[in-house]
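Reader: I would like a close look at one part of this protein, the sheet. Please take me through how it is built and what packs on it, and give me the setting too.

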Amino acid sequence: MFEATLPFARQFDALALFGAQDQNLRLMREQLDVSVSLRDGLLHVTGDESIVADATQVLERMKDRLQHRGVLTLEDTREVMAAVLGNQTAMMDIEIDVMDSSRRIAPRTAGQALYVQTIRDSDLVFAIGPAGTGKTFLAVAMAVEALKHQDVRRIVLVRPAVEAGESLGYLPGDLHAKINPYLRPLFDALQSLIGFDTMKQFMEQDVIEVVPLAYMRGRTLDQAFIILDEAQNATVAQMKMFLTRMGADSKIVVSGDATQIDLPLSTPSGLIDATRRLAHIPGVSSLELTTADIVRHHLVQEIVSAYATRPEKSSNNRKKK
């Protein structure tokens, strides 16, 4: 038998992790065949070595989700377990049908596979994760698939134009030129999936719209696939405004990185607030991608881990005005 331990700063956190009437804990014991107990501020996991390793990873992800959302449901536990234990065959069965049928777009990690499936199953999805986990690209690919299958009539891609240590006023050009750098990652994802000419044609026909978050006020979007990218930089008021733009037969994906908040220090992130506030509403799903889901250059995983273990003095990269 093999044993691993996980520390908890407060016993309350461990009890919250276990869930109502220990439902999360019971699910883990049944599915993983491990013994889990809390003693002296440590969570003890006992069983076969390979199973304990999987169980420990599940518990670490559950801890992260609990920290970010303040609550952990049985559905959350199932999602985390599926992400950690999902086999390669099941992951590779998921494909995204973009405009070019000869091009194969598929998730490359179990977490990404869960992300894609969650978007298919839910009308409102919150995805939190570090850079390089495919949050934006996969969401845009799913929007293209929905447009191709005529599940929606248009795609709306949104980003907050938050000044990350620089001032918009010093950028050259008119308003369009000033906001273009903020929207460029969305243009890049679109262009790589459908090509420049098709993208330009769709934008001229208003089938695809890329817009700053502030321009969403007062609108109602029916039969649309709406993506809010870099949502950690939306305020609580902006997030409420954005989410209430959702019209009939529409789908929303909200993605962001909770470690790269560029709002003033005293301003709460609308993304963090919304995942906690809306956690128990049917049809709303939240998931968390981790460094294991990073698919960029292999050094990106190391960089993200280094900043996570040795954070900057200014927490969450947030600045005072």
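Author: This is a predicted model, so confidence comes before the sheet. The mean pLDDT of the protein chain is 82. Of its residues, 85% reach 70 or more. Two stretches call for care. Residues 87-92 stay under 50 in pLDDT, and the model gives them 7 contacts beyond four places in sequence. Residues 163-168 are also below 50. That second stretch has 10 contacts in the model beyond near neighbours in sequence.

Next, the setting. The protein chain has 321 residues, and 49% of them count as buried. Its secondary structure comes to 12 helices and 9 strands. Take the contacts between residues at least 6 apart in sequence: 74% of these join residues at least 24 apart. The accessible surface is about 16300 Å², and carbon and sulfur atoms hold 50% of it.

Now the sheet itself. It is open and is formed by 6 strands. Their order is S6-S5-S7-S8-S4-S9, and the pairing is parallel. The edges are strand S6 (208-212) and strand S9 (284-288). Each has a single partner strand, so one side of each is left without a neighbour in the sheet. On average, neighbouring strands are turned by 15 degrees against each other, direction ignored.

Look inside the sheet at one pair. Strand S4 covers residues 124-128, and strand S8 covers residues 251-256. The two pair in the parallel sense over 5 bridges. One residue pair to find on screen is Phe 126 and its bridge partner in S8, Val 254. Helix H11 (residues 270-277) packs on the sheet. H11 touches S4, S8 and S9. The direction of H11 makes about 125 degrees with that of S4.

For a helix elsewhere in the chain, take H3, residues 49-69. With 21 residues at 1.5 Å a residue, H3 should span 30 Å. The end C-alpha atoms are 30 Å apart, which agrees. Buried residues in H3 include Val 52, Ala 55, Val 58, Leu 59, Met 62 and Leu 66. Arg 61, Arg 65 and Arg 69 are also among the buried residues. An α-helix has 3.6 residues a turn, so residues three or four places apart point the same way. After H3 comes Gly 70, with a positive phi near 80 degrees.

Definitions and conventions: Residues numbered from 1 in each chain as written. Predicted model: local features only at pLDDT ≥ 70, side-chain atom pairs only at ≥ 80, totals over all residues. Heavy atoms only, no water. Helix = DSSP H or I, 4+ residues; strand = E, 2+ residues; numbered from the N terminus. Buried < 20%, exposed > 50% of the residue type's maximum accessible area, 1.4 Å probe, protein only. Contact = heavy atoms within 4.5 Å. Areas by Shrake-Rupley, 256 points an atom, 1.4 Å probe, with all protein chains shown as cover. Expected span 1.5 Å × (residues − 1). Pairing = 2+ DSSP bridges. Axes fitted to C-alpha atoms, helices over the stretch in contact; angles between N-to-C directions. pLDDT = per-residue confidence, 0-100.
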